[in-house]
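Biologist: Hi! Could you walk me through this structure while I have it open?
Modeller: Happy to, let's bring it up.

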Amino acid sequence: MVTIDKLFHASLVLKDIIRPTPLAKAYGIAPECELYLKPENLQNTGSFKLRGSGYKIAMLSDEEKAKGVIACSAGNHAQGVALAASKCGISSLICLPDTAPISKIEATKAYGAKVCLVEGVYDDAYNKALELKEEFGYTFVHPFDDENVIAGQGTIGLEILNALDDIDAVIVPVGGGGLIAGVAYAIKSLRPSIKVYGVQAAGAPSMYNAIHSGHIETLDHVATIADGIAVKTPGDLTYEMVSKYVDDIALVTEDEISSAILALIEKQKMIAEGAGAVSVAAAMFHKFPIQGKKVVSLISGGNIDVTSLSRVIERGLMKSGRIATLLIELADKPGQLKDVSRIIADCGGNVTGVQYERGGTESINGCFLRMNLETRNYEHVEQITQALQAEGFRIV
């Protein structure tokens, strides 16, 4: 059983393991509400996962510690188990899907764990870990469906209440449900008036579907940049607790997640991975009734693969109208490019790329000009488009 006493005990046990992550007020991200961030991306190992795994491993018997532990993860839980096991002086073996970012795989090894790569996604790694557990007698550290793990994650809820007592809502990322189960239990036990909202990626809506259908189901596949919450099947215990303590769950798209990552970088100078940014995306894109409310978005992790960060930023720029591509049909004669460039410059746009294309036009003397632009927002793009049309250019 998860109890409030267990959560307070977890807070004491974890004092020497975790790093304090004080709330940070956010400016310019979700102006309709008063938004605060709980930056678990600044946690040791870059994720909240150290809390649950740290408490679970600390509670093992001497016999269990002697045999070592095994876990499966998309990356963050792996690092949490590896570091927690190393601090206790015990061995750890981590099964990771071979789709996990290289940075997370190498970080797991660096924290002292042995790594077993498994073809597929998280659920495939989970099944392999259970096989090895039975074969070698390891203690399995579940990433979310375990009362001690949930209690460890729930310490975040206690910290939020200690830092800011008059909040109206807390928004939490959801994968298998361990994080939101612990946070929701802590908050509803102490301040039941506070709303607790969960957020999943639209490409991995396992808990969302379970809550709205009334039963747990396994997704055929998951596909999202929020790899940390790409879980096909939520846990039995977490589903029960989410059903009881969480007020609502919403979905965010890949574009919305990318926009949230970009907003955190620009406005807060803060790096969040996709799974960590979904709570901010929900606040930005009005997924819950939080207008005029004091809200905390939990940034669950910051272990984004740097090789994909540029693509995520570009997608975020496109979603917010910060970059645009115009395809302009014009007559193939001298001075056309000069006129187009002048119009764009007069409107305050910045040309970052130009491509000249012949053929496919109605006129035999026509051509296409493909122009990449840096712009302020969608309204700015529309202003440039209207200015070009006003001088006779056709936007394709």
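**A chat about the model**

Modeller: Let me begin with A30, which counts as buried because its relative accessibility is 5%. Keep in mind that this is a predicted model.

Biologist: Thanks! Where is A30 found?
Modeller: A30 sits in the loop between β1 and β2.

Biologist: And what is A30 in contact with, leaving aside neighbours within four places in sequence?
Modeller: With those neighbours set aside, A30 contacts L35, A283 and M284. There is also a long-range relation to V280: the two are 250 residues apart in sequence, yet their C-alpha atoms are 8.2 Å apart in space.

Biologist: Let's take the strands around that loop. How many bridges join β1 to β2?
Modeller: β1 (residues 24-25) is joined to β2 by 2 bridges, and the two strands run antiparallel. K25, for instance, has Y36 of β2 as its bridge partner.

Biologist: Which strand pairs with β2 in the parallel sense?
Modeller: That is β10, residues 294-299, which pairs with β2 over 6 bridges. One of the bridge partners to look at is I299 in β10, which goes with P39.

Biologist: Why is β2 described as largely enclosed?
Modeller: β2 covers residues 34-39, and 5 of those 6 residues are buried, so the rest of the structure largely encloses this strand.

Biologist: Switching topic: pockets. What volume does the largest pocket have?
Modeller: The largest pocket comes to about 320 Å³. It is lined by 17 residues, and the closest to its centre are I29, S259, A263, M284 and S320. M284 is a name you have already met, as one of the contacts of A30.

Biologist: Which elements give two or more residues to that lining of the largest pocket?
Modeller: Those are α11 (254-268) and α13 (306-319). The largest share comes from α11, with 5 residues.

Biologist: How do the lining residues of the largest pocket divide into nonpolar, polar and charged?
Modeller: The lining of the largest pocket has 7 nonpolar, 5 polar and 5 charged residues.

Biologist: Nice, I can picture that for a docking box. What about the second largest pocket, what is its volume?
Modeller: The second largest pocket has a volume of about 280 Å³. Its lining also has a residue list: 17 residues, with S11, R51, T155, E159 and N162 nearest the centre.

Biologist: Which element gives the most to the lining of the second largest pocket?
Modeller: α7 does, with 6 residues. Both α1 (4-13) and α7 (147-163) supply at least two residues of that lining. By type, the lining of the second largest pocket divides into 8 nonpolar, 4 polar and 5 charged residues.

Biologist: OK, now the sheets. What is the order of the open sheet with parallel pairing?
Modeller: The order is β5-β4-β3-β6, an open sheet of 4 strands. β5 (114-118) and β6 (139-140) are the edge strands, each pairing on one side only.

Biologist: How many bridges join β3 to β6?
Modeller: There are 2 bridges between β3 (residues 69-72) and β6. I70 has F140 as its bridge partner in β6. On the β4 side, I70 has L93 as its bridge partner, and β3 pairs with β4 over 4 bridges.

Biologist: And β4, how many of its residues are buried?
Modeller: 6 of the 6 residues of β4 are buried. S92, I94 and L96 point one way, while L93, C95 and P97 point the other way. In a regular strand, side chains alternate between the two faces of the sheet.

Biologist: What else goes on around β4?
Modeller: 5 bridges join β4 to β5 in the parallel sense, with L117 of β5 as the bridge partner of L96. Helix α4 (residues 76-88) lies across β3 and β4, running at about 170° to β4.

Biologist: Last one: what is the order of the sheet with antiparallel pairing?
Modeller: That open sheet runs β12-β13-β11-β14. Its edge strands are β12 (350-358) and β14 (394-395). β11 (residues 323-331) and β13 (residues 366-374) pair over 9 bridges, and E329 has F368 of β13 as its bridge partner. Helix α14 (residues 336-346) packs on this sheet, touching β11, β12 and β13, and its direction makes about 30° with that of β13.

Terms used. Residues numbered from 1 in each chain as written. Predicted model: local features only at pLDDT ≥ 70, side-chain atom pairs only at ≥ 80, totals over all residues. Heavy atoms only, no water. 1 Å grid on protein atoms, 1.4 Å probe; cavity = no way out; pocket = protein on both sides within 12 Å on 5 of 7 lines; lining within 4 Å. Points joined across faces, edges and corners; volume = space filled by probe spheres on them. Nonpolar A, V, L, I, M, F, W, Y, C, P; charged D, E, K, R; others polar. Pairing = 2+ DSSP bridges. Contact = heavy atoms within 4.5 Å. Axes fitted to C-alpha atoms, helices over the stretch in contact; angles between N-to-C directions. Buried < 20%, exposed > 50% of the residue type's maximum accessible area, 1.4 Å probe, protein only.
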